[in-house]
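Please examine the model shown below together with the account that follows it. The account begins at the nucleic acid and then turns to the protein chains.

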2 protein chains.
Amino acid sequence: MFDANPRPSPTLEVPRLDTGSTFRKEAYAALKRAITAMDIYDHAQEIRLDERRLSEGLGVSRTPIREAMTLLEQEGFVRTRPRRGIFVVRKTKREIVEMITVMAALESMAARLAAEHAADADIAELRRLMAEFQTGNDGERRAEYSDANIAFHQAIIRMSGCALLAGMTENLFIHMRAIRKITIHQENRAARSIADHFRIIEALEGRDPGRAERLAREHALGLAAHVEQHGDFLDITHNSLKNGSRSDAGMESGVSK
Amino acid sequence: MFDANPRPSPTLEVPRLDTGSTFRKEAYAALKRAITAMDIYDHAQEIRLDERRLSEGLGVSRTPIREAMTLLEQEGFVRTRPRRGIFVVRKTKREIVEMITVMAALESMAARLAAEHAADADIAELRRLMAEFQTGNDGERRAEYSDANIAFHQAIIRMSGCALLAGMTENLFIHMRAIRKITIHQENRAARSIADHFRIIEALEGRDPGRAERLAREHALGLAAHVEQHGDFLDITHNSLKNGSRSDAGMESGVSK
DNA sequence: CCGATCGAACTGGTATACCATATACTTTCG
DNA sequence: CGAAAGTATATGGTATACCAGTTCGATCGG
């Protein structure tokens, strides 16, 4: 390195501390990871986030924390009530059904695009991935199937070749994962889900965009209908207070680079 | 009011200054309005936003401005480069095609839902709205058709009854409007667009979800293909500098109440 | 006259102090 | 003893000071 970039005098080689990364981004990532990790719908009581405590815990000032909170709030993971606190949001049944509906829209489009443009190798890889779960016993695997399930859907999105689709589904998946963990244990949804997946794979292999789209949509909407029927427990009011003061808007979508 | 809520002594009736609204929200709204208003793709040079200048102009400190910027950045309207400045983002052709693709996915789902659940009155209202443009001469109306076009698509979204669909398309529409203003003047896209719209309305009236969905999708994807073919001018590099320093992620989607 | 170098001004990132209000606790009066 | 009123504390919102890196122009050397 000295040869390529000669220096007049020996200097302390510092490992190029990363510019570009800011406390805000790190705080955002940390908080989102934390929220994703905990199963939102398992905890009984409301979860409150304290700016000052967090800033103290992360070792930064409140400013980056606040900016991270702003992001999380817009993404719908958190809700801040002035002079009250910041609370982790729990979606209602209806909101979850809507999320799954949107997921159906985006995923079916992704399946269509994948059937048209995806590489054969990627489709083969997807089949191989899912085959692992068919061979093993489906008893104990069910636990980890929740993750494989997400992986399958994310693969479809990725194979669409549309980065924006990936971006817009990213946060939906976080909620999706929490929901799946619950619904997957009900009835024989895991088995049915696997069967659906293989039919979708077949449609991709057959390069049948219309069929792939339809199967993906029906698969997702099936889940939506299931939640609609059996998801009433989602609406149980964990919080005693339900005073109004609804934030006017608050539903935005990001479209960025 | 005195009767319902008796007061011991006459007090100064103050017009209930609005709590709930914060400088951040107002700054966010103002900035977004400004960005929406100006046609992003008309300006030749890069547009830079200065926190201090804005805070001075709006009469608030930098803090709310920064928080608003954080939101706008996540939504993909601006990009902040540390120690350089904040710039209004101009989408590339590819990104726009992807946006239209996502739009196609969401809108086709909306059309399906609308065909299933929308009120007859709303569908009739939609037809009436569009009929106004068929009767008049299509020459001068073309200018204002751009807005009516957006209105049509937003109506479809609304009629789906899915609030999340509305939320996720909200920002897409802002870019969409800018694009439409350009493409609408090319070929006879306005005429074709109107024809498509009427076919969609017919599908809604016929309560044919599959057909409504397909028509909506093809309508949008047709625009995508058009941009793909004739939208090369979108990629002309307005800015001389194209140094890297890519923000890692940056594509998020909001899902909130 | 031209180029390299140095520095002043500018810009976003961060820390911190202060404010207004919601909430909980304490006090006081009936 | 209980309820209402007053007070202390906590919390998010806002303003501001300071920091580090970038930009660009002035100045010095050739």
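**From the DNA surfaces to the protein chains**

Around DNA strand D there are 19 residues, of which T22(B), F23(B), V60(B), S61(B) and T63(B) come nearest; a residue is near a molecule or strand if its C-beta atom, placed from the backbone, lies within 6 Å of it. This is a predicted model, in which local features need pLDDT of at least 70 and side-chain atom pairs count only at pLDDT 80 or more, while totals for chains, interfaces and linings use all residues. Residues are numbered from 1 along each chain as its sequence is written, and chains are lettered from A and ligands numbered from 1 in the order in which they are written.

Both protein chains contribute to the surface near DNA strand D: α2 (51-58) and β3 (85-88) of chain A, and α1 (23-37) and α3 (62-74) of chain B, each supply at least two residues. Helices (H or I, at least four residues) and strands (E, at least two) are DSSP runs, numbered from the N terminus. The most is given by α3(B), with 3 residues. By class, this surface has 5 nonpolar, 6 polar and 8 charged residues. Here Ala, Val, Leu, Ile, Met, Phe, Trp, Tyr, Cys and Pro count as nonpolar, Asp, Glu, Lys and Arg as charged, and the others, Gly among them, as polar.

The surface near DNA strand C may be described in similar terms. Of its 20 residues, T22(A), F23(A), S61(A), T63(A) and R83(A) come nearest to the strand. At least two residues each are supplied by α1 (23-37) and α3 of chain A and by α2 (51-58) and β3 (85-88) of chain B. The largest share, 3 residues, comes from α3(A). The classes are represented by 5 nonpolar, 6 polar and 9 charged residues.

Chain A as a whole has 9 helices and 3 strands, which follow the pattern α-β-α-α-β-β-α-α-α-α-α-α along the sequence. Of its 257 residues, 34% are buried; a residue is buried if 20 or more other C-beta atoms lie within 10 Å of its own, exposed if 12 or fewer, and partly exposed in between, with C-beta atoms placed from the backbone. Among the contacts in chain A with a separation of 6 or more, 77% involve residues 24 or more positions apart; two residues are in contact if their C-beta atoms, placed from the backbone, lie within 7 Å.

How is α3(A) placed with respect to the rest of the structure? Of its 14 residues 10 are buried, so the helix is largely enclosed by the rest of the structure. Its buried residues pack against α1, α2, β2, β3 and α7 (163-183) of chain A, together with α3 of chain B. The helix reaches 20 Å from its first C-alpha to its last, close to the 20 Å expected at 1.5 Å a residue, the expected span being 1.5 Å times one less than the number of residues. After α3(A) comes G76(A), whose phi is positive, near 90°.

One of the residues of this helix (62-75) is M69(A), which is buried because 23 other C-beta atoms lie within 10 Å. Leaving aside neighbours within four places in sequence, M69(A) is in contact with V78(A), T80(A) and I86(A). Of these, T80(A) stands opposite I86(A) in β3(A). The strands β2(A) and β3(A) pair in the antiparallel sense over 4 bridges, where pairing requires that DSSP find at least two bridges between two strands. They belong to an open sheet of 3 strands in the order β1-β3-β2, with antiparallel pairing. In chain A, β1 (48-49) and β2 (78-81) stand at the edges with a single partner strand each, so one side of each is left without a neighbour in the sheet.

Chain B also has an open sheet of 3 strands, with the order β1-β3-β2 and antiparallel pairing. Its β2(B) and β3(B) are joined by 4 bridges, with T80(B) opposite I86(B) and V78(B) partnered by V88(B). In their hairpin, which has 3 residues between the strands, R83(B) takes a positive phi near 60°.

Finally, helix α8 (residues 189-205) of chain B has 17 residues. Its buried residues are A190(B), S193(B), H197(B), I200(B), I201(B), A203(B) and L204(B). Seen down the axis of α8(B), these fall within an arc of 155°, so they line one face of the helix; the arc is that of the directions from the helix axis to the C-beta atoms. Just after α8(B), R207(B) takes a positive phi of about 55°.
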